[in-house]
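Colleague: I am new to this structure and should like to learn how to read its features. Could you guide me through them one at a time?

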Amino acid sequence: MDRETAAKPLVMIVEDEPSLVTMLRYNMEKEGFRVCEAMDGEEALTLLAERNPDLVVLDWMLPIMSGIEVCRQIRRKPRTRDLPVIMLTARGEEGDKVRGLNTGADDYLTKPFSLPELMARVRALLRRVRPSQNKGVLEYETIAMDLAAHRVTRGGRHVHLGPTEFRLLQFLLQHPGCVFSREELLNAVWGPDIYVEPRTVDVHIRRLRKALNGEEDADIIRTVRAAGYALDVEEAVA
Ligand code: CA
């Protein structure tokens with residue numbers, strides 16, 4: 001995944017109607033989004049954990065597990081609690097709008113919907129949840145990443161990073177405080193189709209730490225035993 005690709009928002013489409021999936025994928029990619037797709041509710045939850053999308057377009061009526069249940073589970077988990085969800089439903093499903101919003105969907109569209117309207121709502125939701133990213137700067141504590149200039153500073157000090165460390169930090173800055181396993185980081189930073197030893201993540205985390213943590217700084221990357229890593233201020237050990 002090159003630098004430009006990694007910066008594109010990832011939209012997950014959960015829909016069991018193949019023609020609609022194809023149409024949505026085509027148009028989303030044309031608009032500059034990356035797309036992943038699931039055909040049922042169970043697959044949606046698996047994919048959610050693997051790919052960490054920036055937004056979900058979720059059909060109401062799905063095999064195995066309904067869109068409502070998927071949405072409930074998304075809201076239940078700390079990591080996906082704030083993930084934007086747009087719910088799709090068929091016309092005439094009375095009261096669905098209210099139920100959908102109660103379940104925690106951020107927005108709602110009735111099929112057949114207009115594509116420009118869906119795209120407008122997708123963009124609006126992404127702007128709302130990723131405000132700093134739209135300015136092209138990601139920030140956490142004293143760390144700032146300027147995506148356009150490809151430049152990182154900590155407390156004003158310039159930090160030199162290799163391309164992999166840059167993408168790794170970018171991903172962590174997009175989800176501060178969240179713990180990711182090595183496999184999740186591999187999927188998100190290297191891509192799901194690339195085979196890399198999970199231990200490779202440790203090597204790059206070590207390099208990232210070394211570059212990021214000056215002599216005066218607290219370690220900003222937390223190692224969670226048997227679980228993975230998080231961008232977090234390490235809790236002081238008593
Ligand atoms: Ca359906």
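Modeller: Let us begin with a single residue. At 86% relative accessibility, Ala-226 counts as exposed, and this residue is found in the loop between strand E10 (221-224) and strand E11 (228-231). Please bear in mind throughout that this is a predicted model.

Colleague: What is the sign of phi in Ala-226, which is not a glycine?

Modeller: As a general idea, most residues other than glycine have a negative phi. Ala-226 has a positive phi of about 65°. Glu-141 likewise has a positive value, near 50°, without being a glycine. Glu-141 lies in the loop between E6 and E7 and is exposed, with a relative accessible area of 55%.

Colleague: Which peptide bond is cis, and where is its proline found?

Modeller: In general, most peptide bonds are trans. Here the bond from Lys-111 to Pro-112 is cis, with omega near -5°. Pro-112 is found in the loop between strand E5 (107-111) and helix H6 (115-129).

Colleague: How should I read a sheet, and what is the order of the four strands in the open one?

Modeller: Strands of a sheet pair through backbone hydrogen bonds, either parallel or antiparallel. In this open sheet the order is E6-E7-E8-E9, and the pairing is antiparallel. Strand E6 (137-140) and strand E9 (157-159) each have a single partner strand, so one side of each lacks a neighbour in the sheet. From one strand to the next, the twist averages 25°.

Colleague: How many bridges join E6 to E7?

Modeller: Four bridges join E6 to strand E7 (residues 143-146), and the two run antiparallel. Leu-138, for instance, has Met-145 in E7 as its bridge partner.

Colleague: Which helices lie on this sheet?

Modeller: Helix H8 (residues 163-174) lies across E6, E7 and strand E8 (151-154), running at about 115° to E7. Helix H10 (residues 199-212) also packs on the sheet, where it touches E7, E8 and E9. The direction of H10 makes about 160° with that of E9.

Colleague: How does one read the faces of a helix, and which residues of H2 are buried?

Modeller: An α-helix has 3.6 residues a turn, so residues three or four places apart point the same way. Helix H2 (residues 18-30) has 13 residues and reaches 18 Å from its first C-alpha to its last, close to the 18 Å expected at 1.5 Å a residue. Its buried residues are Leu-20, Val-21, Leu-24, Asn-27 and Met-28. Seen down the axis of H2, these fall within an arc of 145°, so they line one face of the helix. The face turned away from that buried side carries the exposed residues Pro-18, Ser-19, Thr-22, Tyr-26 and Lys-30. H2 is followed by Gly-32, whose phi is positive, near 95°.

Colleague: Finally, which protein donors does the calcium ion have?

Modeller: One reads such a site by listing the donor atoms and then placing them along the chain. The protein donors are Asp-16 (OD), Asp-59 (OD) and Met-61 (O), lying 2.1 to 2.4 Å from the calcium ion. Their spacing along the chain is D-x42-D-x1-M. Asp-16, in the loop between strand E1 (10-14) and H2, and Asp-59, in strand E3 (residues 55-59), are 43 residues apart, and the pair links distant parts of the chain.

Colleague: Are these two aspartates buried or partly exposed?

Modeller: Asp-16 is partly exposed, with a relative accessible area of 30%, whereas Asp-59 is buried, at 3%.

Definitions and conventions: Residues are numbered from 1 along each chain as its sequence is written. This is a predicted model: local features need pLDDT of at least 70, side-chain atom pairs count only at pLDDT 80 or more; totals for chains, interfaces and linings use all residues. Side-chain values use heavy atoms; hydrogens and water are left out. Two strands pair if DSSP finds at least two bridges between them. Axes are lines fitted to C-alpha atoms, for helices over the stretch in contact, and angles run from 0 to 180 degrees between N-to-C directions. Contact means heavy atoms within 4.5 Å. The expected span of a helix is 1.5 Å times one less than its number of residues. Buried means under 20% relative accessible area, exposed over 50%, partly exposed in between (1.4 Å probe, protein chains only). The arc is that of the directions from the helix axis to the C-beta atoms. Donors are N, O and S atoms within 2.8 Å of the metal (3.2 Å for Na, K and Ca); water is not among the atoms, so sites may look incomplete.
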